[in-house]
Amino acid sequence: MTDWGRVAIRVDQAHEGLGHRSFGVTGAVFVRNPELPGIHVANYGHSVTAASPAEIDGLLAVAEREFAHCPHRCFEVDSDTPPPFERRLVSDGYEAREFLMMVLEGELEGRPKDAELRLATDDQDWTAADRLKKLDWAEARAKLGRDPLPAVGESLARLARLKTPPDRKWLAYVDGQARGMASVWDGLDGVGYVEDVFVEPAYRHRGLATALMHRCAADARARGIGALTLVADAADTPQAMYAAMGFRHVATKRRYVRYPKADC
């Protein structure tokens with residue numbers, strides 16, 4: 001993995017830990033939040049170093065105790081993860097999704113169209129952001145051909161609030177209604193982070209997503225942030241938009257998830 005890849009993963013891990021408890025265990029780092037038991041990135045393991053069969057057995061046993069409140073077990077791996085650990089996840093029936101870590105070092109490409117953009121600051125703004133987050137989740141589930149699980153959408157909206165501050169949520173308005181959103185965080189060591197870029201389907205192709213990305217970048221740069229990172233689903237189309245704006249792929253991570261009760 002490149003140095004930029006490791007930086008992107010470190011910033012991503014720090015962002016996923018916002019609002020939760022992060023702590024080291026023998027062989028990994030765990031993120032835990034019993035108040036959001038169904039959310040993978042609020043209850044999972046990363047930075048795994050366990051490599052021998054005994055180390056892996058020990059780590060998985062600790063995960064069973066620490067995440068007993070969750071319906072899932074989840075680990076994120078990357079090219080620095082010991083291959084025996086990833087092989088164990090596969091053999092144990094974990095299913096993987098792949099994500100691209102992307103970095104922007106210079107300025108965003110292109111010029112944004114005019115758009116009404118506002119920083120979320122009050123309950124009305126956050127009610128609008130919650131609605132958009134739940135729509136984002138419903139669309140993601142539909143693309144996978146899976147049940148909508150609206151309770152998870154509610155939890156994800158709550159998760160976004162837990163991260164703000166330090167996240168800053170920008171909303172794009174059309175005719176007085178919030179129709180798009182994006183968040184930006186100052187990150188670590190001058191490397192910022194952008195996430196939750198979403199526009200309602202009926203309002204796409206009007207330049208709202210591009211305007212939100214440029215606003216997030218300008219927001220970060222005004223606060224002294226140099227590079228920006230983000231995560232893109234390897235199986236979804238937004239990665240092409242990010243690449244066209246100047247982001248480049250620097251690393252890949254895989255999120256492995258298993259539902260133990262499904263084994264019964």
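The following questions and answers cover one helix pair and one cavity in a predicted model.

Residues are numbered from 1 along each chain as its sequence is written. In this predicted model local features need pLDDT of at least 70, side-chain atom pairs count only at pLDDT 80 or more, totals for chains, interfaces and linings use all residues, and side-chain values use heavy atoms, with hydrogens and water left out.

Student: Is helix 6 parallel or oblique to helix 7?
Tutor: The axes of helix 6 (residues 208–222) and helix 7 (residues 238–245) come within 12 Å and cross at roughly 55°. Angles under 35 degrees count as roughly parallel, over 145 as roughly antiparallel, 65 to 115 as roughly perpendicular and the rest as oblique. Therefore helix 6 is, relative to helix 7, oblique.

Student: How many residues in the contact of helix 6 with helix 7 are nonpolar?
Tutor: Contact (heavy atoms within 4.5 Å) involves Ala209, Thr210 and Met213 of helix 6 and Met241, Tyr242 and Met245 of helix 7. Ala, Val, Leu, Ile, Met, Phe, Trp, Tyr, Cys and Pro count as nonpolar, Asp, Glu, Lys and Arg as charged, and the others, Gly among them, as polar. No residue of this contact is charged, one is polar, and the nonpolar number is five.

Student: Which helix supplies the largest share of the lining of the largest cavity?
Tutor: The lining consists of Ile9, Asp12, Gln13, Glu76, Val77, Asp78, Met101 and Lys253. Helix 1 (3–16) and strand 4 (73–77) each supply at least two of the lining residues. The largest share, three residues, comes from helix 1.

Student: How many residues of that lining are charged?
Tutor: Three lining residues are nonpolar and one is polar. The charged number is four.

Key: Axes are lines fitted to C-alpha atoms, for helices over the stretch in contact, and angles run from 0 to 180 degrees between N-to-C directions. Helices (H or I, at least four residues) and strands (E, at least two) are DSSP runs, numbered from the N terminus. On a 1 Å grid over the protein atoms alone, a cavity is a set of points where a 1.4 Å probe fits but cannot get out, and a pocket is an open set with protein on both sides within 12 Å along at least five of seven lines; lining residues have an atom within 4 Å of a point.
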